[in-house]
Amino acid sequence: MTQTVEANCAADLSIRDKKSAFRTHSPEETQEIGVQIGTQLRPGDVVALIGDLGAGKTCLTQGIAQGVGVYQDQIVNSPSYILINEYEGKIPIYHIDLYRLERLEDIVALGLEDYLEGDGICVIEWGDRMDELLPESHIQVTITAEDESTRAVEVLPISPTHKSFPPDKGG
Ligand SMILES: Nc1ncnc2c1ncn2[C@@H]1O[C@H](COP(=O)(O)OP(=O)(O)OP(=O)(O)O)[C@@H](O)[C@H]1O
Ligand SMILES: [Mg+2]
């Protein structure tokens, strides 16, 4: 069981090797978790954001952009009408929002492969809508509203299971 901790412990967050769960009490606290995620992201990483309308996916993305180090004066907000926003920085970020695309075939038609397989970072709101198209390894973040200002934020590294590898016997 993963213990849910308050957001001021977000410094413990590790996006590669363990599941972590936080509770935030303001948009700023959710952004701070985004910053911690962003500082650990590398070129080619994909982050799938899951959560209802108003959960805080864009808010978290603002923190991620800050953590990755996007150049200043770029406004990070919901690209709901544009589908994809690009932010320039040390590593480019492609901010994708699938809110308007409920059918997998419409998402396939977008042809996101170049973004997903490129050297930028993809952050995808409503990422669960393209589960089948996500790379085997990615970072899944689920945000759940508990009340008006409280959010549960779960960060889960997803990676392929190497069933064929024998367990490391050590020595
Ligand atoms: N703890 C919190 N964390 C994040 N947002 C919060 C929190 N408490 C309140 N909010 C409010 O919740 C809203 C989150 O909006 P945001 O646009 O980030 O959601 P979203 O998940 O991207 O929604 P959409 O599906 O419409 O794109 C904002 O109005 C923000 O002020
Ligand atoms: Mg949004």
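Which residues of α1 are buried? The tour of this predicted model returns to that question at its third stop, after the whole chain and the ligand.

**The whole protein**

Display the protein as a cartoon and colour it by secondary structure: four helices and eight strands should appear. Traced from the N terminus, the elements follow the order β-β-α-β-α-β-β-α-α-β-β-β. The radius of gyration is 16 Å, close to the 16 Å that the globule rule gives for 171 residues, so the protein is as compact as a globular protein of that length. Orient the view on the principal axes, along which the C-alpha trace spans about 55 × 35 × 30 Å. Of the 171 residues, 36% are buried. Among contacts between residues at least 6 apart in sequence, 61% join residues at least 24 apart.

**The ligand and its shell**

Select ligand 1 next, together with the 19 residues that surround it. The closest of these are T30, G56, K57, T58 and C59. Colouring the shell by class gives five nonpolar, ten polar and four charged residues. Two helices, α1 (27–40) and α2 (57–68), each supply at least two residues of this shell, and they form the next two stops.

**Helix α1**

Select residues 27–40, which make up α1. The helix has 14 residues, which at 1.5 Å a residue should span 20 Å; its end C-alpha atoms are 20 Å apart, which agrees. The opening question is settled here: the buried residues of α1 are E29, T30, Q31, E32, I33, G34, Q36, I37 and G38. T30 is also among the residues closest to ligand 1. To see what the buried residues of α1 pack against, add β2 (20–24), β3 (46–50), α2 and β8 (151–158) to the selection.

**Helix α2**

Move to residues 57–68, the helix α2. Its twelve residues reach 16 Å from the first C-alpha to the last, close to the 16 Å expected at 1.5 Å a residue. Ten of the twelve are buried, so α2 is largely enclosed by the rest of the structure. Those residues are K57, T58, C59, L60, T61, Q62, G63, I64, A65 and V68. K57, T58 and C59 also belong to the closest residues around ligand 1. The buried residues of α2 pack against α1, β3, β4 (84–87), β5 (93–97), β6 (121–125) and β7 (138–145). Just after α2, inspect the backbone at G69, which takes a positive phi of about 95°.

**The nonpolar core**

Finally, turn to the largest nonpolar core, which holds 37 residues. Within this core, V47 and V141 touch the most other members. The elements giving two or more residues to the core are α1, β3, α2, β5, β6, β7 and β8.

Centre the view on V47. Leaving aside residues up to four places away in sequence, V47 touches I37, I64, C122, V123, I124, H138, I139 and V141. Two of these partners, I37 and I64, have appeared already, I37 as a buried residue of α1 and I64 as a buried residue of α2.

Then centre on V141, in strand β7. V141 has 24 other C-beta atoms within 10 Å and is buried. With residues up to four places away in sequence again excluded, V141 touches V47, L49, I50, L60, V153, E154 and V155. As a last step, draw a distance between the C-alpha atoms of V141 and I37: these residues are 104 apart along the chain, and the separation is 9.9 Å.

Definitions and conventions
Residues are numbered from 1 along each chain as its sequence is written. Chains are lettered from A and ligands numbered from 1 in the order in which they are written. This is a predicted model: local features need pLDDT of at least 70, side-chain atom pairs count only at pLDDT 80 or more; totals for chains, interfaces and linings use all residues. A residue is near a molecule or strand if its C-beta atom, placed from the backbone, lies within 6 Å of it. Ala, Val, Leu, Ile, Met, Phe, Trp, Tyr, Cys and Pro count as nonpolar, Asp, Glu, Lys and Arg as charged, and the others, Gly among them, as polar. The expected span of a helix is 1.5 Å times one less than its number of residues. A residue is buried if 20 or more other C-beta atoms lie within 10 Å of its own, exposed if 12 or fewer, and partly exposed in between; C-beta atoms are placed from the backbone. Two residues are in contact if their C-beta atoms, placed from the backbone, lie within 7 Å. The radius of gyration is taken over C-alpha atoms; the globule rule is 2.2 Å times the number of residues to the power 0.38. A nonpolar core is a set of buried Ala, Val, Leu, Ile, Met, Phe, Trp, Tyr and Cys residues joined through C-beta atoms within 7 Å.
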